[in-house]
Amino acid sequence: WAALGHIVALIANIHRFHDWVTSVLAAAGHNFEFRGRLTGVRYFGTCDPSNVRHIFTSNFANYPKGDHLAEIFHDAGGGGIINVDGDSWRLQRTRLQTLLTGALFRAFAARRVRDKAADLPEVPVARAMDDVSETCFLRHVVPCWKLMRRLGDGRERKMAAARKTIDGFVAEVISRVTTSPR
């Protein structure tokens, strides 16, 4: 029954998900653990900076994503950093840090942000990231998500379109960064 209560609360607050999670974390002392009875997956939510540092930096190897999470996020990231653990994650993290901290990338990103801020139209890659996040989140709470994907449910169709948008954006960024004069 507790799981049903969580699902009902989640559905009732899906339109304000981030605010709702913040209130749950504040009421729970900045940490919240939930074990999915249907999926067997354990969830841990935190807004405590020391816990975030512990999980993502100091002791990342102690928190493997596992096959379940890799399957949920496969459409969004394939064999990328979101889905892998161990040596593959470490190698991708190093490469990503090198790319994201380089002066060329920072200058490129700053130019793109300035360009995109003018007139403030909807940014397709931002919408795509939102669609991917929502779909992956729903996969956590809807046990029949694989069936929904096979049936071409609207949310799963959005995921496929979002993936194409994100892939195009990443290809464009890589192309510009690698062809820019140094």
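**Entry 1: a pocket**

I began with the second largest pocket, which holds about 230 Å³ of space. I kept in mind that this is a predicted model.

Next I listed the residues around the second largest pocket. I14, H15, R16, F17 and H18 line it, along with D130, S133, E134, F137, L138 and R155. I then asked which elements give two or more residues to this lining. They are α2 (17–27) and α7 (124–141). The largest share, 5 residues, comes from α7.

I sorted the lining of this pocket by class. I counted 4 nonpolar, 3 polar and 4 charged residues.

Where does the second largest pocket lie with respect to domain 1 and domain 2? Domain 1 (1–63) and domain 2 (64–181) both give residues to its lining, so the pocket lies between them.

**Entry 2: aromatic rings**

I searched the whole structure for aromatic pairs and found 5. I looked up two of them.

The first one I took was F17 with W20. Their ring centres are 6.3 Å apart and their planes stand at 50°, so I noted the pair as tilted. Both residues sit in helix α2, 3 residues apart, which is about one turn of the helix. F17 has 21% relative accessibility and counts as partly exposed. W20 is buried, at 17%. The cut-off for buried is under 20%.

Then I took F60 with W89. Here the ring centres are 3.8 Å apart and the planes are at 15°, so this pair is stacked. The pair links distant parts of the chain, 29 residues apart. F60 is in the loop between α3 (49–58) and α4 (66–77), while W89 is in helix α5 (residues 86–101). Are these two residues buried or exposed? F60 is buried, with a relative accessible area of 11%. W89 is buried too, at 10% relative accessibility.

I also checked for clusters. F17, W20 and F137 form one aromatic cluster. I had already met F17 and F137 in the lining of the second largest pocket.

**Entry 3: salt bridges**

I turned to charged side chains. The structure holds 12 salt bridges.

I started in α7. R127 and D131 meet in a salt bridge, at 2.9 Å from N to O. They are 4 residues apart in helix α7, so about one helical turn separates them. R127 is partly exposed, at 32% relative accessibility. D131, at 8%, counts as buried.

Which other residue does R127 meet in a salt bridge? R127 also pairs with E134, at 3.7 Å from N to O. E134 has 34% relative accessibility and counts as partly exposed. I recognised E134 from the lining of the second largest pocket.

I moved on to helix α9 (residues 154–179), where R163 and D167 lie 4 residues apart, about one turn of the helix. They form a salt bridge, and their closest N and O atoms are 3.2 Å apart. R163 is partly exposed, with a relative accessible area of 26%. D167 is partly exposed as well, at 38% relative accessibility.

My last search was for salt bridges joined into networks. D75, R139, R149 and E156 are linked in a network of this kind.

**Entry 4: looking back**

I went over the notes on α7 once more. This helix gives 5 residues to the lining of the second largest pocket. R127 and D131, which meet in a salt bridge, also lie in helix α7.

Technical notes. Residues numbered from 1 in each chain as written. Predicted model: local features only at pLDDT ≥ 70, side-chain atom pairs only at ≥ 80, totals over all residues. Heavy atoms only, no water. 1 Å grid on protein atoms, 1.4 Å probe; cavity = no way out; pocket = protein on both sides within 12 Å on 5 of 7 lines; lining within 4 Å. Points joined across faces, edges and corners; volume = space filled by probe spheres on them. Nonpolar A, V, L, I, M, F, W, Y, C, P; charged D, E, K, R; others polar. Domains from an automatic or database assignment. Phe/Tyr/Trp six-rings, centres within 6.5 Å; stacked < 30°, edge-to-face > 60°. Buried < 20%, exposed > 50% of the residue type's maximum accessible area, 1.4 Å probe, protein only. Salt bridge = Lys/Arg side-chain N within 4 Å of Asp/Glu carboxyl O.
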